[in-house]
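Colleague: Before we open the file, could you show me how to read a sheet and then a cavity, taking the general idea ahead of the particular case?

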Amino acid sequence: MEDSLERLVSEPSEMKDELSMEIDPPFKENHATAEDWRKALHNVVPAVVVLRTTACRAFDTESAGASYATGFVVDKRRGIILTNRHVVKPGPVVAEATFVNREEIPIYPIYRDPVHDFGFFRYDPAAIQFLSYEEIPLAPEAACVGLEIRVVGNDSGEKISILAGTLARLDRDAPHYKKDGYNDFNTFYMQAASGTKGGSSGSPVIDWKGRAVALNAGSKTSSASAFFFPLERVVRALKFLQKGRDCGQDKWEAVSIPRGTLQATFVHKGFDETRRLGLQTETEQLVRHASPLSETGMLVVDSVQYVSHVKNMMQVPGGPAYKNLEPGDVLVRMNGEVTTQFLKMETLLDDSVAQTVELQLERGGSPLTVEDLHSITPNHFLEVSGAVIHPLSYQQARNFRFHCGLVYVSEPGYMLYRAGVPRHAIIKKLAGEDITKLQDFINVLSSLSKGARVPLEYISYTDRHRRKSVLVTVDRHEWYAAPQIYTRDDNSGIWIGKPALGPGPGTGPTSQLAANGVASMEESDSGTKKQRVGEDSDSDSNELSIESGNASVAERVIEPTLVMFEVYVPSSCMLDGVHSQHFIGTGVIIYHSEQMGLVAVDKNTVAISASDVMLSFAAFPIEIPAEVVFLHPVHNYAIIAYDPSALGPNGASVVRAATLLPEPALRRGESVYLVGLSRSLQATSRKSVVTNPCAALNISSADSPRYRATNMEVIELDTDFGSSFSGVLTDEEGRVKAIWGSFSTQIKYGSNSSEDHQFVRGIPIHSITQVLEKIISGAKGPSLLINGITRPMPLVRILEVELYPTLLSKARSFGLDNIWIQALAKKDPVRRQVLRVKGCLVGSKAENLLEQGDMVLAINKKPVTCFQDVEDACHALDISSDVDGKLQLTIFRQGREMEVFVGTDVRDGNGTTRVINWCGCFVQDPHPAVRALGFLPEEGHGVYVTRWSHGSPVHRYGLYALQWIVEVNGKPTPDLDAFVNVTKEIEDGKFVRVRTVHLNGKPKVLTLKQDLHYWPTWELRFNPETSMWQRKTIKSL
């Protein structure tokens, strides 16, 4: 079993398992000696290979991922390796085989059975130069109960493991692994107590003569039982491949292996049970007479692929057995021959594809046309916005009780995840059009503009009788590559991609309607139609009247200014250590005019600029898109812009900005009104009392560094009423004194476990008003396009030092002079504290000037006691003509007072604006949360791995997040530009030597193979001139 496969998670205990003591076929004595086994293993081991496979995309029953498994050579001259189907994978796979002498060669899939758990890889025999080995012969006829066997393979990641066992059963039911994944059926399995584990999938089960008698496939986690697949159908498929290879020229060509099906599942039941099902005595006598003496039962229909009877679903015919077979039917004859074994039944079906077979059942005869199994096994998929969509396979159709060929979501990606469409969903409608096949979905998708919002209907196997309707938003930004159709090419063993959409609206620029948040919705089944955003109404009935009820004055005043945020982060842009793809929170409108609307919100709701933001207004029932225009580099707030014209005349008349009141600051004991929004956009408020207006935050770094609020004082209230929502703090007249914002932290349990946690506190409005004034008046900073108008955005001057307060009583114990203690207490009799240095951000101008534990007594000869004093000093530098940007700090270090001139740093509010994906890892400049840890590699620190993708080369070879790439093939990569220049010279399929340094300072060197076919190198960069994230391919095939 390969490492990634879940082995028999829940197998029902059956009476048959406990009562099966029959020996079939008759027991054969085993006279093998230890020397016989030694000779057999000497020949077998060199032909057993360790397989390292990577499923590049989720497809059908398998998820994207990397794993180890086992295979063995069954044809040395032609270069054929046998292993399991779940190792070969039904979808795109990249694999290598490593022989016992550590020779590694690339291998390519040539066949995976649609039903049974076996498949084949091919390799170039000439590539093996230093190993002498022979193929392992297949001998399915040698399997018998009591046979002593050895399982030779890569068990639990070991290079070679040899496990002994004895075949106990040849007629075990096919194991059931999971309800929504791959399961074998219509076959017997063998069973032995050999205790195989992960990584041994595809191992040969050999006898003392060195012959493979079965193929290791699965095991039971609750016992030491292992399950082996019999080899009769493997031998048949291998003969087809060998014949096809001999007919070819110098290269492999696709080989068609006939596989027939009735789309019905059979089980083998004993004669005692078939009699209870109604089997007549005469029929039983006939079957027993025509069968071997060891036969103990017959084949019974277990399930038939029916039409899915779902409301409003078109009736699509099921398989050949539909309306002909029923569960409980006992199979007597096929084409006039008594058939009691799976092998005989499958042989007849495979030899009768597209022909008619005659079935005699206890219920009566039924002529059926045998269907081609390959025709209901998908060989192509659509990749759009990270989603993988393809026709529903027979495997999953059998699991879910749907008919084959429906449009199936194997992986929802971003666009469908954002709409709430789960994995395993069946898409029924898009934009009002029925979707019955994949091409229907592509046709509708090609007609949609970027940013369009359309309805989608789907069903799922967990709630099969009800359709669910959601809104799908077509990506506005170029988060992902254009939609591609991938088709399996059995000649080369790879999947060939081509553009799925032709030139048309779906690939054109964002339309104005789409940009304004239009829901391009056709009439739904109920006959209603949503009004388009921005569309004028002929009636005044759309004006919203806010019910006041018993609401306070503050609540009535502030409610029209509140906005509910729903934020989604694309998986391709999980930058800066952001810990989730979905955030919900409340913001307040701080500016509203005809040209621009601005909303302030905490950074636990809008964490990074690479986000899709949707706003819902409390004052008017509408949802429109918005863009991130400013992320404060230190404080926990962001400013988001929306287009007021998207509200329409009615919305614009009731939506307004809040009145901000930064001064005077809140004091202890002062009454405030906490006003927020529930998920249903209902305002909720309560009068509260300020218990601490200047509580200093102390948030520890998370396991994966992400934004954390530092150098901030927050407001605490006397109640936990607002612990579950965000909003604002106002005075009695509804003037905003602070934002009631959400903060993210991480609670750690011991050394290995942690849990994300959110809490809410008040954020004084003072800093927000300073930035707002600069945006409105026109700051001296970089330009940004907001609603079609280019505006200069503010820069923020900060001292990149993390500080924390210490009580003056503690400072006295550290030796601080009494004169300074009196001066600081006089300056701030409330706080009575001094600021100490916790650390400097690496790469800042303060680095190497300030040390941990320094007490900051004064800046420019003025005593400082709180974070706001430091910010005021930085702000004063912007106003003055001082161009060097330095502050004169009076510090106390190790018993001595000293003067230090420390430079300040200027940061914009854009956040991270560039990310590069190479071999499946996302690299960026180290963000402030990483720099705050106090370490950057000396070799270069501009290429920080922030995330990685499942099924990618970096997943396969272990280049994970939280480390820097400092060298590639011996060439330094100090920054992203140098990294691009080095990697774009590397060709596809070449091994790359990468030197990394982890966050903990540990260096490492690893190698990985570049795969430009499935994982091209690309870059996402924010363009302030268009306010769009744009995708650029750096290197691909």
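Modeller: What follows takes the sheet before the cavities, and please keep in mind throughout that this is a predicted model.

Colleague: How do strands of a sheet pair in general, and in which order do the strands of the closed barrel run here?

Modeller: In general, strands of a sheet pair through backbone hydrogen bonds, and the pairing is either parallel or antiparallel. In this structure, 6 strands form a closed barrel in the order 30-31-32-35-34-33, and their pairing is antiparallel. On average, neighbouring strands of this sheet are turned by 40 degrees against each other, with direction ignored.

Colleague: Over how many bridges do strand 33 and strand 34 pair, and which residue of strand 34 does S616 stand opposite?

Modeller: Strand 33, residues 612-617, pairs with strand 34, residues 623-631, over 4 bridges in the antiparallel sense, and S616 stands opposite E623.

Colleague: Which strands does helix 14 lie across?

Modeller: Helix 14, residues 766-777, lies across strand 31 (582-592), strand 32 (597-601), strand 34 and strand 35 (638-642), and its angle to strand 31 is about 60 degrees.

Colleague: Turning to the cavities, how many of 30 Å³ or more does the structure hold, and what lines the second largest cavity?

Modeller: There are 8 such cavities, and the second largest holds about 80 Å³ of space. Its lining has 14 residues, with N186, G260, T261, E346 and L349 lying nearest the centre. Strand 13 (260-261), strand 14 (264-270) and helix 7 (342-350) each give two or more residues to that lining, the largest share, 3 residues, coming from helix 7. By class, the lining of the second largest cavity comprises 9 nonpolar, 3 polar and 2 charged residues.

Methods. Residues are numbered from 1 along each chain as its sequence is written. This is a predicted model: local features need pLDDT of at least 70, side-chain atom pairs count only at pLDDT 80 or more; totals for chains, interfaces and linings use all residues. Side-chain values use heavy atoms; hydrogens and water are left out. Two strands pair if DSSP finds at least two bridges between them. Axes are lines fitted to C-alpha atoms, for helices over the stretch in contact, and angles run from 0 to 180 degrees between N-to-C directions. Contact means heavy atoms within 4.5 Å. On a 1 Å grid over the protein atoms alone, a cavity is a set of points where a 1.4 Å probe fits but cannot get out, and a pocket is an open set with protein on both sides within 12 Å along at least five of seven lines; lining residues have an atom within 4 Å of a point. Grid points are joined across faces, edges and corners, and a volume is the space filled by probe spheres set on the points. Ala, Val, Leu, Ile, Met, Phe, Trp, Tyr, Cys and Pro count as nonpolar, Asp, Glu, Lys and Arg as charged, and the others, Gly among them, as polar.
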